[in-house]
Amino acid sequence: MPARTPHKMRVIFVTTESEAQAVELARTLVNERLAACVNIVGPVRSIYRWRNEVKDDREYLLIIKTRALLYMKVETRVRELHTYEVPEVLALNADRGSPPYIQWMLDSTGAPRGHSR
């Protein structure tokens, strides 16, 4: 069984209206070291209520892996770049994982080697 980690991690879900926007968000978050990895899944079918009407749309789902302490920066960046008036930004705690994967995630979201924090 994977060990619990003292490092608080988050998995964040974000949906977008297009694959191009999903790619833009994913690349930005990884380039800015706010996420170690972003998976893009889609298209997915989303049925939801918006402005008192039931919608049925095709969207792309981003699955963002990051440190808990970066959550607010990720949310802020998504809201700055997103085209939706109210973008989905939903975080789940991740309290277990493969130690090598966790270390990679921490390394990927920390300061680049040779730089102080």
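This report describes a strand hairpin and a group of salt bridges in a predicted model.

Local features are taken where pLDDT is at least 70 and side-chain atom pairs only at pLDDT 80 or more, whereas totals for chains, interfaces and linings use all residues of this predicted model. Residues are numbered from 1 along each chain as its sequence is written, and side-chain values use heavy atoms, with hydrogens and water left out.

**The hairpin**

Helices (H or I, at least four residues) and strands (E, at least two) are DSSP runs, numbered from the N terminus, and two strands count as paired if DSSP finds at least two bridges between them. On that basis, strand β2, covering residues 37-50, pairs with strand β3, covering residues 53-67, in the antiparallel sense over twelve bridges. One of the residues involved is Arg 45, whose bridge partner in β3 is Arg 58. The two strands form a hairpin with two residues between them, and in this turn Arg 51 has a positive phi of about 50 degrees.

**Salt bridges**

A salt bridge is here a side-chain nitrogen of Lys or Arg within 4 Å of a carboxyl oxygen of Asp or Glu, and a search of the whole structure finds six of them. The table gives examples, with the distance between N and O atoms.

| Acidic residue | Basic residue | N to O distance |
|---|---|---|
| Glu 32 | Arg 77 | 2.9 Å |
| Glu 53 | Lys 55 | 3.5 Å |
| Glu 80 | Arg 77 | 2.9 Å |

In the salt bridge between Glu 32 and Arg 77, Glu 32 lies in the loop between α1 (19-31) and β2 while Arg 77 lies in helix α2 (residues 71-81), so the pair ties together parts that are 45 residues apart in sequence. By contrast, Glu 80 and Arg 77 both lie in helix α2, three residues apart, which is about one turn of the helix. Glu 32, Arg 77 and Glu 80 are thereby linked in a network of salt bridges.

**Accessibility of the partners**

Relative accessible area, computed with a 1.4 Å probe on protein chains only, defines a residue as buried under 20%, exposed over 50% and partly exposed in between. Within the network, Glu 32 is partly exposed at 38% and Arg 77 is partly exposed at 22%, whereas Glu 80, at 52%, counts as exposed. In the pair formed by Glu 53 and Lys 55, Glu 53 is partly exposed at 43%, and Lys 55 is likewise partly exposed, at 26%.
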